[in-house]
Amino acid sequence: MKVRIAMAVAVTLLLSGCKAIDGTYQPSCVAFAGSEIRLEDGRFVWDKFTDQVVVDEQGNKVDQFPDFPRQGSYSVSNDAVTLSPDSGSPETFYLLRDKGAVYLLTNEEKSTYDATGERPRCALQRQSAGT
């Protein structure tokens, strides 16, 4: 009985940890290209965007991000958020809480932040909770 209760508490804590970061993350600056990551109930959708239009020799629009959108599950361990796509390799982002806002940093952005203490200018910022 005690084991069941402990397991239920552990699962609840794990899911509530993920829920605390749910939302849509977009560049925190005006961006003409970048990523948007939506986290919701342990699942993610990661899409890329650009305002640039590339066409081939026949004038057909070229898909600049053929592997996107990606989707799958995500997990949180301390401040590391690992996106595990349904197909493909996992990628890790890092949470940064700064002045009431929540950001997702890439490995490079985290290294810069750790070295300088300054938040990257255009890091992905949570825009809304839930959907």
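The chain exposes about 8700 Å² of surface, and carbon and sulfur atoms supply 51% of that area. The structure described here is a predicted model, and every value below should be read with that in mind. Of the 131 residues in the chain, buried residues make up 25%.

A good way to begin is to follow the chain from its N terminus. There are 2 helices and 8 strands, and the elements come in the order α-β-β-β-β-β-β-β-α-β. Contacts can also be sorted by how far apart the two partners lie along the chain: among contacts with a separation of 6 or more, 41% are made by residues 24 or more positions apart.

From the order of the elements we can turn to the interior. The largest nonpolar core has 15 residues, and those that touch the most other members are Tyr25, Ile37, Leu39, Leu83 and Leu104. Strands E2, E3 (43–50), E5 (80–85), E6 (91–98) and E7 (101–105) each give two or more residues to this core. A second core, separate from the largest one, consists of 5 residues, including Leu96, Ala101, Tyr103 and Leu105.

Besides these cores, the chain holds a covalent link between cysteines. How many disulfides does a search of the whole structure find? The search finds 1 disulfide, formed by Cys29 and Cys122, whose sulfur atoms are 1.7 Å apart. This pair links distant parts of the chain, since the two cysteines are 93 residues apart: Cys29 sits in the loop between strand E1 (23–27) and strand E2 (33–40), whereas Cys122 sits in the loop between helix H2 (107–116) and strand E8 (124–128). The torsion about the S-S bond is about -70°, and the disulfide is therefore left-handed. The two partners fall into separate classes of accessibility, for which the cut-off for buried is under 20% relative accessible area. Cys29, at 19% relative accessibility, counts as buried, while Cys122, at 26%, counts as partly exposed.

Empty space in the structure can be examined as well. Rolling a probe the size of a water molecule over the atoms shows where empty space is left. The largest pocket has a volume of about 190 Å³. It is lined by 13 residues, of which Gly34, Ser35, Thr106, Glu109 and Leu124 are the closest to its centre. Strands E2 and E3 are the elements that give two or more residues to this lining, and the largest share, 3 residues, comes from E2. Strand E2 thus appears both among the contributors to the largest nonpolar core and in the lining of the largest pocket.

Finally, some details of the backbone deserve a careful look. The peptide bond that runs from Phe68 to Pro69 is cis, with omega near 5°, and Pro69 is found in the loop between E3 and strand E4 (70–77). Which residues other than glycine have a positive phi? One of them is Asp41, with phi near 50°, which lies in the loop between E2 and E3. Another is Lys99, with a positive phi of about 55°, placed in the loop between E6 and E7. Are Asp41 and Lys99 buried or exposed? Because exposed means over 50% relative accessible area, Asp41 counts as exposed at 53% relative accessibility, and Lys99 counts as exposed at 81%.

Technical notes:
Residues numbered from 1 in each chain as written. Predicted model: local features only at pLDDT ≥ 70, side-chain atom pairs only at ≥ 80, totals over all residues. Heavy atoms only, no water. Disulfide = S-S within 2.5 Å. Helix = DSSP H or I, 4+ residues; strand = E, 2+ residues; numbered from the N terminus. Buried < 20%, exposed > 50% of the residue type's maximum accessible area, 1.4 Å probe, protein only. Contact = heavy atoms within 4.5 Å. Areas by Shrake-Rupley, 256 points an atom, 1.4 Å probe, with all protein chains shown as cover. Core = buried A, V, L, I, M, F, W, Y, C linked by side-chain atoms within 4.5 Å. 1 Å grid on protein atoms, 1.4 Å probe; cavity = no way out; pocket = protein on both sides within 12 Å on 5 of 7 lines; lining within 4 Å. Points joined across faces, edges and corners; volume = space filled by probe spheres on them.
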